[in-house]
Amino acid sequence: MADDRFNEILRFLGTRFAEERDRVSNAVAAVIAELRAEQKTIVLDLSERVAAVRDGMPGAQGERGEQGEKGDPGPPGKDGNDGAPGKDGADGKEGPPGDKGERGERGERGERGEKGERGDQGLQGEMGPRGLRGETGPPGPRGEKGERGEKGTFEPPSEWIDGSVFHSGQLVHCEGSTFCARRDTARRPPHDDWSPVALKGKDAHAGEARGLYDPKAGYLKLDRVAFDGSEWIARRDDPGPLPGDDWMLAVKAGSRGKPGERGPPGAKGDPGIGVKDGTCDGFTLRLTLDDGRAVIVDLSPAFDRYHRERGA
């Protein structure tokens, strides 16, 4: 109970202290504002008194002084308004003729006069610049058929020989191509001295037998591959996946034949080798045989073929 009473007294004193502090702060602020206002009034009054003491009060008007010396002329004043026009004076004497004036504008064309007599022929003038080329005219009529000329001869191409001179128009066979000489020359074709007549061709691709189809391999036109028991031929270079529009079926797989007659039993063979152990790592099968040998089998082609056939 005593502690509660003590705390209550402390809270009361704290509240009263805050109220007194705010009241004193407000009173001090009001006094400061009044002092500042009075300070402005005093400063203004002092400024006016100082100005009166410095400049003095206006005195009575003094006596007229002596006339000063004549000052410099002032700037000219503005032009006055024009006066009323005077009466017309008497006509003066005719003055001398003035200078020749500028040529006036061309007047309207008059009527054509009568044709005069033909004058003497003048001297020949200089030749003018060449005019622009005119447009091509229409084709003329077809001429009459000429007489049959003499039978021409064909000189077969000569083989190129280093160091020899060949004359203009002569045909030469060089490295599988035929050239015609544009001028007398000893330069080896091809060269600007020669015009090609027939260039050497490239051997055509006849296609190759590429074995089993590999989707990762590249194929050219006419290449042959085996796929799913049939033979296919590429229609163009880079034919794409098989089967497809760019592949042509050449030989279709035949149907399974009838089983043949049972053959005689064979001789007894040697004991076979069994598999002792086997592990599979991804698409790689590792087998350990009874005799200790290791066999590695890649299963990727089997899985690829399975997915292709399932997709087809």
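What share of the contacts in the chain with a separation of 6 or more is accounted for by residues 24 or more positions apart? In this predicted model, such residues account for 10% of those contacts.

**Overall architecture**

The secondary structure of the chain comprises two helices and 11 strands. Along the sequence, these elements follow the pattern α-β-β-β-β-β-β-β-β-β-β-β-α. The chain has 312 residues, of which 9% count as buried. Its accessible surface amounts to about 30,800 Å², and carbon and sulfur atoms contribute 51% of that area.

**A positive surface patch**

Seven names make up one charged feature of the surface: Lys100, Arg103, Arg106, Arg109, Arg112, Lys115 and Arg118 together form a positive patch. One of these residues, Arg106, is located in the loop between helix H1 (2-55) and strand S1 (158-159). Arg106 is classed as exposed because its relative accessibility is 84%, while the cut-off for that class is over 50%.

**Backbone features in the loops**

Most residues other than glycine have a negative phi, and most peptide bonds are trans. Against that background, several loop positions of this chain deserve individual description.

Two residues other than glycine have a positive phi: for Leu222 the angle is near 75°, and for Asp238 it is near 50°. Leu222 belongs to the loop between strand S5 (209-212) and strand S6 (224-227), whereas Asp238 is placed in the loop between S7 and S8. Is each of these side positions buried, partly exposed or exposed? Leu222 has a relative accessible area of 36% and is therefore partly exposed. Asp238 reaches 55% relative accessibility, so Asp238 counts as exposed.

Cis peptide bonds are listed in the following table.

| Cis peptide bond | Omega |
|---|---|
| Pro189 to Pro190 | about 0° |
| Leu242 to Pro243 | near -5° |

Where do the prolines Pro190 and Pro243 lie? Pro190 is found in the loop between strand S3 (177-181) and strand S4 (194-198). Pro243 is in the loop between strand S7 (230-234) and strand S8 (247-251). The loop between S7 and S8 thus holds Asp238, with its positive phi, as well as Pro243, to which a cis peptide bond leads from Leu242.

Terms used:
Residues numbered from 1 in each chain as written. Predicted model: local features only at pLDDT ≥ 70, side-chain atom pairs only at ≥ 80, totals over all residues. Heavy atoms only, no water. Patch = residues over 30% accessible without salt bridge, like charges linked within 9 Å, V, L, I, M, F, W, Y side chains within 5 Å. Areas by Shrake-Rupley, 256 points an atom, 1.4 Å probe, with all protein chains shown as cover. Salt bridge = Lys/Arg side-chain N within 4 Å of Asp/Glu carboxyl O. Lys, Arg positive; Asp, Glu negative; His and termini not counted. Charge placed at Lys NZ, Arg CZ, Asp CG, Glu CD. Helix = DSSP H or I, 4+ residues; strand = E, 2+ residues; numbered from the N terminus. Buried < 20%, exposed > 50% of the residue type's maximum accessible area, 1.4 Å probe, protein only. Contact = heavy atoms within 4.5 Å.
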